[in-house]
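These are my notebook entries on a structure I looked up. I record each item in the order in which I examined it.

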Amino acid sequence: MPTSADNDNPTDNPASPYSGPMSGVRVLDLGVWVAGPFAATLLADFGAEVIKIERPGLGDPMRYRGTMESAAAHWCMDGRNKKSMTLDLSTERGQDILAQLIGHADVLIDNHRPGMLDAWGFTEARIRSLNPGLIVSTVSGFGQNGPYAHRLAFDRIAAAMGGLLYLNGEADRPPVRTGVIISDYVTALFNAIGILMALYHRDAKGGGGERMDVAMYECIFRILENTLGAYDKMGIHRQRMGNITPGFYPDDMFETLDGKWVVLSAVSDQQFAALCGVIGRAELAHDPALATLNDRGRQV
């Protein structure tokens with residue numbers, strides 16, 4: 001558990017011991033759980049100095065998610081390379097210390113409920129008065145404004161609202177969540193990319209500070225391949241198809257005679273011909289019904 005901040009001048013923290021392309025960049029990680037903090041983890045992995053702000057007495061919920069052993073493993077993966085300190089942001093002293101940190105930071109990442117920064121006294125106007133060049137990234141389930149803005153969202157909800165959950169699973173079975181919290185990690189990836197673009201715009205193009213609004217459900221919606229275009233232009237309503245990748249074959253998992261599984265992905269015409277030779281069925285590569293990727297896709 002991190003200790004409380006007793007130093008009223010926290011900007012004296014030593015430089016990050018890690019080197020990399022992000023060295024010299026200071027990030028304030030006010031996030032909790034995964035969607036916000038993992039973006040900071042990615043930046044820390046490449047040398048950014050990340051100061052993680054946690055709740056006194058509790059810390060980030062990921063410290064005790066699941067069993068003690070699994071929580072420790074998850075925290076080691078997502079909390080690595082960060083400097084943790086606790087601040088009670090409901091108090092004047094905690095807010096004063098955060099204000100000092102903001103004045104010496106490049107990036108602030110927050111994924112509390114929309115409006116919490118304002119409630120703690122850090123309105124956009126005050127943040128700009130403290131640090132005009134700060135990149136502020138706010139992460140939430142449904143964005144900072146709009147009819148769903150104040151609704152909470154974890155991975156499964158964002159995956160459902162973004163459309164991924166509907167597509168995942170077998171055609172004759174209920175929707176199935178992915179094996180990992182994909183919504184959080186995809187959101188963190190988009191967030192990290194956005195932060196890098198904002199830093200580049202500020203430092204290389206002479207721009208100023210930026211305010212980013214990252215919504216989890218929008219990040220999921222963005223990775224749904226061609227589903228939107230196919231529906232809009234052709235009226236195709238993608239359904240659950242199990243392990244099948246529409247338009248690509250062979251691209252699946254196949255059970256072997258000894259009860260194991262093999263993954264085959266030979267989707268180009270050259271790869272398919274080579275596969276046919278390996279399995280002793282070279283003639284299949286010359287079958288008109290299987291000659292091209294489009295032909296094979298129609299057989300699925």
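**Entry 1: the β7 and β8 hairpin**

I began with strand β7 (residues 251-255) and strand β8 (residues 261-265), which run antiparallel and are joined by five bridges. I note that the model is a predicted one. Within this pairing, I looked up methionine 253 and found that its bridge partner in β8 is valine 263. The two strands form a hairpin, with five residues between them. In the turn, I recorded a positive phi of about 80° for glycine 259.

**Entry 2: strand β4 and its neighbours**

I next turned to strand β4, which spans residues 107-110. Are its faces covered or open? I found both faces covered. Val107 and Ile109 lie on one side, Leu108 and Asp110 lie on the other, and all of them are buried.

I then looked up the strands that pair with β4. Strand β1 runs parallel to β4, and three bridges join them. In this pairing, leucine 28 stands opposite leucine 108 of β4. Strand β5 (residues 135-140) also pairs with β4 in the parallel sense, over four bridges. Here I noted serine 137 in β5 as the bridge partner of isoleucine 109.

**Entry 3: aspartate 29**

I returned to strand β1 (residues 26-29) to examine aspartate 29, which is placed in that strand. Is aspartate 29 buried or exposed? Its relative accessibility is 0%, so I entered it as buried; the cut-off for this class is under 20%.

Which side chain makes a polar contact with that of aspartate 29? I found that of lysine 82, at 2.8 Å. Leaving aside residues up to four places away in sequence, I listed what aspartate 29 touches: Pro37, Ala40, Val50, Ile51, Lys52, Ile53, Lys82 and Ile109. Of these, Ile109 I had already met as a buried residue of β4.

**Entry 4: helices α6 and α8**

Last, I examined a helix pair. Two packed helices are described by the angle between their axes and the distance between the axes. For helix α6 (residues 155-162) and helix α8 (residues 182-204), I recorded an angle of about 75° and axes 7 Å apart. I therefore described α6 as roughly perpendicular to α8, since angles of 65 to 115 degrees count as such.

Which residues make the contact? From α6 I listed Asp155, Ala158 and Ala159, and from α8 I listed Ile182, Ser183 and Asp184. By class, the contact of α6 with α8 has three nonpolar, one polar and two charged residues.

Key: Residues numbered from 1 in each chain as written. Predicted model: local features only at pLDDT ≥ 70, side-chain atom pairs only at ≥ 80, totals over all residues. Heavy atoms only, no water. Buried < 20%, exposed > 50% of the residue type's maximum accessible area, 1.4 Å probe, protein only. Polar contact = N/O pair within 3.5 Å; in protein donor to acceptor, adjacent residues only side chain to side chain. Contact = heavy atoms within 4.5 Å. Pairing = 2+ DSSP bridges. Axes fitted to C-alpha atoms, helices over the stretch in contact; angles between N-to-C directions. Parallel < 35°, antiparallel > 145°, perpendicular 65-115°, else oblique. Nonpolar A, V, L, I, M, F, W, Y, C, P; charged D, E, K, R; others polar.
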